[in-house]
Amino acid sequence: MNQLSDRINNLSTSATLAMAAKARELRAEGKDIIGLSLGEPDFNTPDFVKEAAIKAINDNYNSYTPVDGYVELKDAITKKFKRDNNLDYSRPQIVVSTGAKQSLFNIASVMLNNGDEVILPCPYWVSYADIVKLNGGVPVEVKTEIGNDFKMTADQLRAAITPKTKMIWYSSPCNPSGSVYSKEELRALADVLQDYPNIYVVSDEIYEHINFVGDHHSMAQFEDMYDRTITVNGVSKAFAMTGWRIGYIGAPDWIARACNKMQGQVTSGANCIAQRAVIAALEANPSKIQYMVDEFKDRRELILGLLDGIEGFKTNEPEGAFYVFPNVSSYFGKTIKGKTINNATDMSLFLLEEALVATVTGEAFGNADCIRISYAASKEEIVEAIKRIREALN
């Protein structure tokens, strides 16, 4: 008898992690799989960050940490917000968590009641919808178009709002599309929200520094949105620190206090050594990680040029992060090598089994016409992967 809760039985498995697991299985069978599915930089953590962690070990940091983070780290975060985003947050407004995913879960837990609606511009990061549902909320998907670089317009936002709308969640730069909202585009969304003072915004800025178009903009920069915006960030992407598991929020102090209270009953404070290392990361000038951004930009140009050579793949130019999100719907209904491709999931499985390239179905991100391809891989792997995809489809 299955005695598990309805909560877990109704929860989706993370599509990115599921594809990574499937790829590992095939590798174990001796298959030469090229992994372009995980959202993880392929760089090592910078040496100056590792040295800070080693110093923390030698300095005997080994005790429980404050639930909301070391004071020194919170101070580094407030300075980072001011330096990079011109946002003024104080210590009580900062909560450090075990990854930005926990930050998001905390927010949903303290803000949502059963039936509250959360607007999600599609495509959205794979875990948004399930985090919302786990906390009693109702995801409301707003479909965007590749011709508009997968960005929600002010008219679309207004049309999606109902009396039950409680929040809007979005990421910029976006995972999976790489889209970056300009200041003017965010202002247009904020103008709509002036008519709905009880709607709150989650601005996920984890890819902030991997930006190829210049300035990064935050919803909280607008005075009339500051008290209604929770800014989520972390070090996993820009500093190649995915396994260190540190994320954080800047928020109105009453929301931050609630997140602190929630986290105190779940995980308490984040890892002590990782926190000390993150102080060094955030105190550094962002120019210290520019070499990674430059390399990602080169790879973007490479993969876009290669994808142009695949008939039926429709791509736009992502402005940040390290993903392309091609529309592959021209293949739906076709049979290739005895396998019928009816949707993006079928396409991802076909590419894994026939091209030995791991991608992720766009269905997991709220878009059934696209697949996500990560270019957080060497140029040699990218060239070989796209070659395999082209040959499999031909």
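# Chat about cavities, pockets and a covered strand

Author: Let's start inside this predicted model: helix α4 supplies the largest share of the lining of the largest cavity, namely three residues.

Reader: Nice place to begin! What volume does that largest cavity have?

Author: The largest cavity comes to about 90 Å³. Of the 16 residues lining it, K80, D84, H209, F239 and L282 are the closest to its centre.

Reader: And which elements give two or more residues to that lining?

Author: Those are α4 (71–85), β7 and α10 (272–283).

Reader: How does the lining of the largest cavity divide into nonpolar, polar and charged?

Author: Eight of the lining residues are nonpolar, four are polar and four are charged.

Reader: Good to know. How many cavities of 30 Å³ or more are there?

Author: The count is three. The second largest cavity holds about 70 Å³ of space.

Reader: Which residues line that second largest cavity?

Author: Its lining is made up of P121, P123, Y124, Y128, F150, W169, Y170, S171, C174 and Y181. By class, nine residues of this lining are nonpolar, one is polar and none is charged.

Reader: Which strand gives the most there?

Author: Strand β5 (residues 165–171) does, with three residues.

Reader: Okay, switching to pockets. How much space lies in the largest one?

Author: About 540 Å³. The largest pocket has 25 lining residues, and G39, K101, W125, K237 and R245 lie nearest its centre.

Reader: Which helix supplies the largest share of that lining?

Author: Helix α5, with three residues. Both α2 and α5 supply at least two residues each.

Reader: And the classes for the lining of the largest pocket, how do they divide?

Author: There are ten nonpolar, nine polar and six charged residues in that lining.

Reader: Same tour for the second largest pocket, please. What is its volume?

Author: The second largest pocket has a volume of about 300 Å³. It is lined by 16 residues, and the closest to its centre are L11, S12, V126, S127 and D130. The elements giving two or more residues to this lining are α5 and α6 (128–134).

Reader: Which of the elements gives the most?

Author: That is α6, which gives five residues to the lining of the second largest pocket. As for chemistry, the lining has nine nonpolar, four polar and three charged residues.

Reader: α5 has come up for both pockets. How many residues does that helix have, and what does it span?

Author: Helix α5 (residues 100–111) has twelve residues and reaches 16 Å from first C-alpha to last, close to the 16 Å expected at 1.5 Å a residue.

Reader: Is α5 largely enclosed or largely open, and why?

Author: Largely enclosed by the rest of the structure, because nine of its twelve residues are buried. The buried ones are A100, Q102, S103, L104, N106, I107, A108, S109 and M111.

Reader: Now β7, since it helps line the largest cavity. How many of its residues are buried?

Author: Six of the six residues in strand β7 (residues 229–234) are buried. T229, T231 and N233 point one way, while I230, V232 and G234 point the other way.

Reader: Why that pattern of alternation?

Author: In a regular strand, side chains alternate between the two faces of the sheet.

Reader: Which strands does β7 pair with, and in what sense?

Author: With strand β6 (residues 200–204), β7 runs parallel, joined by four bridges. With strand β8 (residues 247–250), β7 pairs in the antiparallel sense, also over four bridges.

Reader: Which residues stand opposite each other in those pairs?

Author: One example is V201, which stands opposite T229 in β7. Another is V232, opposite I249 in β8.

Reader: Last topic: T16. Where is it found?

Author: T16 is in helix α2 (residues 15–28).

Reader: Buried or exposed, and why?

Author: Buried, because its relative accessibility is 10%, and the cut-off for buried is under 20%.

Reader: What is T16 in contact with, beyond its sequence neighbours?

Author: Leaving aside neighbours within four places in sequence, T16 is in contact with S37, L38, V126, V360, F365 and R372. V126 is also among the residues closest to the centre of the second largest pocket.

Reader: And how far is T16 from T359?

Author: Their C-alpha atoms are separated by 8.3 Å, though the two residues are 343 apart along the chain.

Technical notes. Residues numbered from 1 in each chain as written. Predicted model: local features only at pLDDT ≥ 70, side-chain atom pairs only at ≥ 80, totals over all residues. Heavy atoms only, no water. Buried < 20%, exposed > 50% of the residue type's maximum accessible area, 1.4 Å probe, protein only. Contact = heavy atoms within 4.5 Å. Pairing = 2+ DSSP bridges. Expected span 1.5 Å × (residues − 1). 1 Å grid on protein atoms, 1.4 Å probe; cavity = no way out; pocket = protein on both sides within 12 Å on 5 of 7 lines; lining within 4 Å. Points joined across faces, edges and corners; volume = space filled by probe spheres on them. Nonpolar A, V, L, I, M, F, W, Y, C, P; charged D, E, K, R; others polar.
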